[in-house]
Amino acid sequence: MAEKLEDLNLPMSVVTRIVKESLPDGVAISKEARTGLAKAASVFVLYVTSAATNIVKNHKRKTLTGPDVLEAMKDIEFDRFVGPLTEALENYKQAVSARKSGAGKKKEEAEEIETIEED
Amino acid sequence: MSVAKSEKDLHLPLSRVKTIMKSSPDVDAVGPEPLYLVTKVTEMFVTDLAKRAYKNIKGNMLEYKHIAEVVQEDDTLDFLREIVPRKITVREYKELMARKAARGDRSDESSEESSEAESSDGSSSGVEIIE
């Protein structure tokens, strides 16, 4: 759980790096713009989460799944992300299954993915 | 280091995204697949927002107002209107209110002179007043 309030915000440095990579070289980003983009990204996480959990509830399920997230994108009218996101999910699944077949102990592997490093 | 990090194409820390997701009252556990997707789509969202804001820039500096402009003009970004309000000066705010009054717009009670600079007045219309 979140112990400090900062834990509920995405790190500004990382958000800024993503922004820089999406813009042409040499574009400066003001401090206020960085803060605004980082805040927007953090709120977006909650927005998507809430849209996805609504779908889970509507289906009378308990567990949030990948397809729920994809469906949520349509509900909040971000359909344009569904294509690239589906593609990314396929790559992700392949990477996960490649790792599983490589390492045999499936159960432990699955747990390992769940345990994400704290930075 | 986690295994997930080494072969994923993500920038944002999964742990932080997970913490934010779990702060939602309806979420108990977050599995690796939905966590990956939410993280990935958040990065797409940031890229998209930045690229659209970039179209508004005149010189070489991406500024807050360029982002606020995108947010205010796109209805699908309604959820951000209070997070990234358009900022205006007190003088612009007074002019805006005067125009509203002239139109006979009674959408909200006219605020008193003394309190009109409070941001709480402006945020309801997606505007934050700066001095």
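These legends accompany close-up views of a predicted model with chains A and B.

**Figure 1. Chain A and its order of elements.** Let us start with chain A, which holds five helices and one strand. Read from the N terminus, its elements follow the order α-β-α-α-α-α. Of the 119 residues in chain A, 41% are buried. Its accessible surface is about 7000 Å², with 52% belonging to carbon and sulfur atoms. Where contacts in chain A join residues at least 6 apart in sequence, 27% of them link residues at least 24 apart.

**Figure 2. The annotated span of chain A.** The UniProt record, an unreviewed entry, places "domain: Transcription factor CBF/NF-Y/archaeal histone" at residues 9-73 of chain A. In the model, this span is 72% helix and 3% strand. The C-alpha atoms at the ends of residues 9-73 are 21 Å apart.

**Figure 3. Helix α2 of chain A, end to end.** This view follows the 28 residues of helix α2 in chain A, residues 31-58. From first C-alpha to last, the helix reaches 41 Å, close to the 40 Å expected at 1.5 Å a residue. Have a look just past the end of α2(A) too: there A:K60 adopts a positive phi of about 55°.

**Figure 4. Chain B and its order of elements.** Now for the partner chain: chain B has six helices and three strands. From the N terminus on, they are arranged as α-α-α-β-α-β-α-α-β. Chain B has 131 residues, and 47% of them count as buried. About 7000 Å² of chain B is exposed, and carbon and sulfur atoms supply 45% of that area. Among contacts in chain B with a separation of 6 or more, 37% come from residues 24 or more positions apart.

**Figure 5. A salt bridge between A:E32 and B:K87.** Over all chains, the whole structure contains ten salt bridges, and one of them pairs A:E32 with B:K87. Their closest N and O atoms are 3.2 Å apart. A:E32 sits in helix α2 of chain A and B:K87 in strand β2 (residues 86-89) of chain B, so this pair joins two chains. A:E32 is partly exposed, at a relative accessible area of 43%. B:K87 is also partly exposed, at 28%.

**Figure 6. A:K57 meets B:D26.** Here the side chains of A:K57 and B:D26 form a salt bridge, at 3.3 Å from N to O. The pair crosses between chains: A:K57 belongs to helix α2 of chain A, while B:D26 lies in the loop between α2 (14-22) and α3 (32-54) of chain B. A:K57 is partly exposed, with 47% relative accessibility. B:D26 is partly exposed as well, at 40%.

**Figure 7. A:R80, B:D48 and their network.** In this last view, the side chains of A:R80 and B:D48 meet in a salt bridge of 2.7 Å, N to O. Because A:R80 lies in the loop between α3 (66-75) and α4 (82-103) of chain A and B:D48 in helix α3 of chain B, the pair joins two chains. A:R80 is partly exposed, with a relative accessible area of 39%. B:D48, on the other hand, has 19% relative accessibility and so counts as buried, the cut-off being under 20%. Follow the salt bridges onward and you find a network that links A:R80, B:D48, B:R52 and B:D74.

Terms used
Residues are numbered from 1 along each chain as its sequence is written. Chains are lettered from A and ligands numbered from 1 in the order in which they are written. This is a predicted model: local features need pLDDT of at least 70, side-chain atom pairs count only at pLDDT 80 or more; totals for chains, interfaces and linings use all residues. Side-chain values use heavy atoms; hydrogens and water are left out. Helices (H or I, at least four residues) and strands (E, at least two) are DSSP runs, numbered from the N terminus. The expected span of a helix is 1.5 Å times one less than its number of residues. UniProt positions are given in the numbering used here, feature names are shortened, and annotations may be inferred rather than shown by experiment. A salt bridge is a side-chain nitrogen of Lys or Arg within 4 Å of a carboxyl oxygen of Asp or Glu. Buried means under 20% relative accessible area, exposed over 50%, partly exposed in between (1.4 Å probe, protein chains only). Contact means heavy atoms within 4.5 Å. Accessible areas come from the Shrake-Rupley method with a 1.4 Å probe; for residues, only the protein chains shown count as cover.
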